Every structure is written in structure tokens, then in C-alpha cells.
Amino acid sequence: MPSGNKGKNRSGGSLSLKTSNKIVRKQLYVKQKKEQGKERHEERHRRRKEEAKDPKLREERLATNQPLTIERKRVWDDVDDDSLGVAVDVAELKRRRLEKEEAEAARAADGVAEEDEEKDGDADSMLDSDEEGEDDDEDAEERIERLRQERAQRKPSIAPSTTSTNLDMTPDSLTRQFPNLFNEEPPVDPKVLVTTHLNGTIHKEAEDIAAIFPNSTYIRRSAHAYGHKYSVREIAKFAKNRGYTILMIVGEDLKKPSSLTVIHLNGEDVSPGPSLTYTIRNYLPGKALLGHGNPTNHYPELLLNGFKTPLGILAAKSMHTMFPPKPELQGRQVVTLHNQRDYIFFRRHRYVFREARATEKNVVTAEGKEMEGMQGIRAGLQEIGPRFTLKLRRVDKGIGRAGSEGEDALKWEWKAKMEKVRTRFNL
């Protein structure tokens, strides 16, 4: 008697799903998975042999097999503007502008050459036209050469990073808005004053944050019933008169750090500003880190990664002024501020160079090639802490929200609608 499942068996789908017997179906499924795994293994082995003969095949495969992450989907504003709040790559924008100037200079040189050819027909003024044409050609060539030198003013390092922030790419709009922060004067050693909000209780956490920055002092902000409750502007005036360059206020929520306000006090006869307000997330003290190290009094090195837009350059420059310009390398301490999707991850490590183990590979460059002179050397890291994440919320012209005056008192403020497009970032 014919089975009633013959019609189902003839339908499409896996063989293991056509069989009505559970045990046989399981055996068929295991057999099918083994065959698929065997095919993948043979394909990888064949590809490995081909790539061993021709290394270019591996490079092409790795270049095409790139994971499609949100960072790779990132969109930029298609505008020729470098003001705050505009999502443009400062380095790419500057490159396009220099290429445009080079093209205009080249067209001007071609126009001068055409005019010289027309003037060559006049025999009486031939000598004068040649001299003027040569001068114009020399000026155009000098201009093109100067623009090319400006494009290549930063020499590539031995191990270039694909995410490091180049503060040399600061747009002119930031220099005009914040002349005290972006100037050509040599940087001075910072002096930081750290305090909390009124009725602050996170004194230990605030002291740990103050210990991150060299030449810093933490002062408890008292709210005693018989004491004077100093405002932020009064504290800024007090700090500026005593030589402090930065005032930092740590806010709290549920007895944990929740906000950080950085106020640049600037020099004498200059009004304070700007003020950058961040929120703090995922605060973790150093003692809570497994295998943490203990900090020393050496000036740390500073790494700024992933700041590309004008607003990102402003935040990076603000962080840059909090640390001395000359780190003490013998301390082997490094502070990292890594921006990713508008979240700034703060980490502090101690590093040590050691010999590579037999199972470890050599250090490679950004292109994936082994770095010359670094064979057999590896760097070990030990986190010191604390560890937390920052998110920029607003930028004010003066001392916070209340101390800023004028139409341009608020330079930038985060709003929820900014994150409606998940592939557009502000920093």
C-alpha cells in the first residue's frame, strides 16, 4: 500500500526533514552537517594553497571581506562648512579645499600661458610679454608647490594609527570662535582645580578623577549651614586669581559620578571659556579592576582617537590642554581617550616592552605588514583605572549655562533628534 507521505517526500527541502522516522532523520541531519563541514574545510585548504603561491589573492580577499559595521556605514554632511555641529571629516574637507585651490592655480597658470602665446604674435612687445609670462608662471608654480607642502606638512609615523586625531587639521572657524584655546603660543603646563556640586558626597571618586590629571588639586565644596555657598563663577574667579588654568566640576547621582564640566579659565585679561559638559557612564574605580596597577606621579602620555569633526576637534583639544605637553616616558603611563559613536571611552594603562612568546606574532602596521625593527618585541598592558565613559552634552561660551552671555552663548547642545539617524555622528 503506498504511503501517504510520498507527496511530501517529493517536495523540496532537506532530506533529513522528509523522513518521518525520527532516528533516521537525526542520522541524516548529522551526515549532512559533516558533508557541509568537509566541503568548507576542503575549500579553505585549497584557498590556503593558492594564497601561499600568490599572496595578492589573500590581500584581495581581505580587502573585499570587510564586515559592514555602523562605522563603515557612517554618513557625512555634504556641505562645504566646518562649523560646530556639522558632521564633516575635517581632514577630508581640508584635502578637498587644497585640491580645489591647486586646480584653480593650475587653470590660472594655463590662462597666463595662453595669453603669452597671443602676445607672441606682436613682435614689438615680445620681450616684455615673455618676462611677464615667466614671472606669472613662477608665481603659479610657487603657489602650487606651497599648497602641496601644506597637504603633506604632517610626516607619517613609523606605525601610523588609522584612528589618531590630528590637531593640525583644526578648521579656521574654531580658531575664530575659541582663540584662547586654539593659538600658536607654546602650550603651558596645566593647573587643574577639581570640586563637586553643593552637598557633594563622592569625595573619594572625585579625588580619583583629580589624580588622573597632573598638577591638580581637589577641594571639597562645603554646603554647611553657617558657611558661604560659593557659586561656580565665584570659584572660577578664585581659581583664576591663583594661577589655575582649568576648573573641573564633578556631578553625582545615586552617590556615583554622573557628570563632568570642564571650564577653561584662560590667561589674564581674558574672559573664561569655553565650558564643555559631559555625562559619565559606567564608572568603575581602579580597585574594582582585576589585576589593576597603582599610578605614579609621572606625567602620562596622551592618545586621542577617533575625533574627526569640528566638534570632535574641540573636545580633543580641550582634553589635550589638561595634560602637560611633555610626558615623562620613564613612568610608562598612557591615558587613552577613544571616541566611538560619540561615546568617549577613558582608559589609563601602564605598559612594558617584553620579548614575544613563541606563540605570539610580530607587530604589524596599519597595512598588515610586519614592522621593521620590532621583531620579537611585544607590549604588555596593565590597567590602572578608573574606567568610565563620557558623552558630550553641551558647549557654552563662558562659565557654564548661567555664566555665558550674548547671542552665541550656547555654542552646541545635544538633542535627542540628533540620534534619529544611527549612522550620523557628531564627533
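Two strands pair if DSSP finds at least two bridges between them. Keep that rule in mind as you look at this predicted model. Strand 8 and strand 10 are joined by three bridges and run in the antiparallel sense, so they meet the cut-off of at least two. One place to see this is I344, whose bridge partner in strand 10 is L390.

Now stay with strand 10, because nine of its ten residues are buried, so we can call this strand mostly covered. What else does strand 10 pair with? Strand 5, residues 275–284, is joined to strand 10 by eight bridges, and the two run antiparallel. Strand 11, residues 410–413, also runs antiparallel to strand 10, with three bridges between them. To find your way around, try R394 in strand 10: T277 stands opposite R394, and R394 also stands opposite E413 in strand 11.

Next, let's look at the rings. There are four aromatic pairs in the count. One of them is F346 with F388, a stacked pair with 4.6 Å from centre to centre and 10° between the planes. Why does that count as stacked? Planes under 30 degrees apart earn that label. The pair links distant parts of the chain, as F346 belongs to strand 8 (residues 343–355) and F388 to strand 10 (residues 387–396), 42 residues apart.

Are these two rings buried or exposed? F346 has a relative accessibility of just 3%, so F346 counts as buried. F388 is buried too, at 5%. The cut-off behind both verdicts is 20%, as anything under that is called buried. Ring pairs also bring in Y283, linking Y283, F346 and F388 into a cluster.

Here is another ring pair to find: Y351 and F353. Their ring centres are 5.6 Å apart and their planes meet at 65°, so this pair is edge-to-face. Y351, at 15% relative accessibility, counts as buried, whereas F353, at 56%, counts as exposed. As a bit of background, side chains in a regular strand alternate between the two faces of the sheet.

Finally, rings can have charged company as well. Which ring does the charged end of K191 sit over? That would be the ring of Y244, with the charged end 4.7 Å from the ring centre. You can find a second case at F178, where K411 lies over the face of the ring, at 5.7 Å from its centre.

Conventions
Residues are numbered from 1 along each chain as its sequence is written. This is a predicted model: local features need pLDDT of at least 70, side-chain atom pairs count only at pLDDT 80 or more; totals for chains, interfaces and linings use all residues. Side-chain values use heavy atoms; hydrogens and water are left out. Rings of Phe, Tyr and Trp (its six-membered ring) pair if their centres lie within 6.5 Å; planes under 30 degrees apart count as stacked, over 60 as edge-to-face and the rest as tilted. Helices (H or I, at least four residues) and strands (E, at least two) are DSSP runs, numbered from the N terminus. Buried means under 20% relative accessible area, exposed over 50%, partly exposed in between (1.4 Å probe, protein chains only). A charge sits over a ring if NZ of Lys or CZ of Arg is within 6 Å of the ring centre and within 35 degrees of the ring normal.
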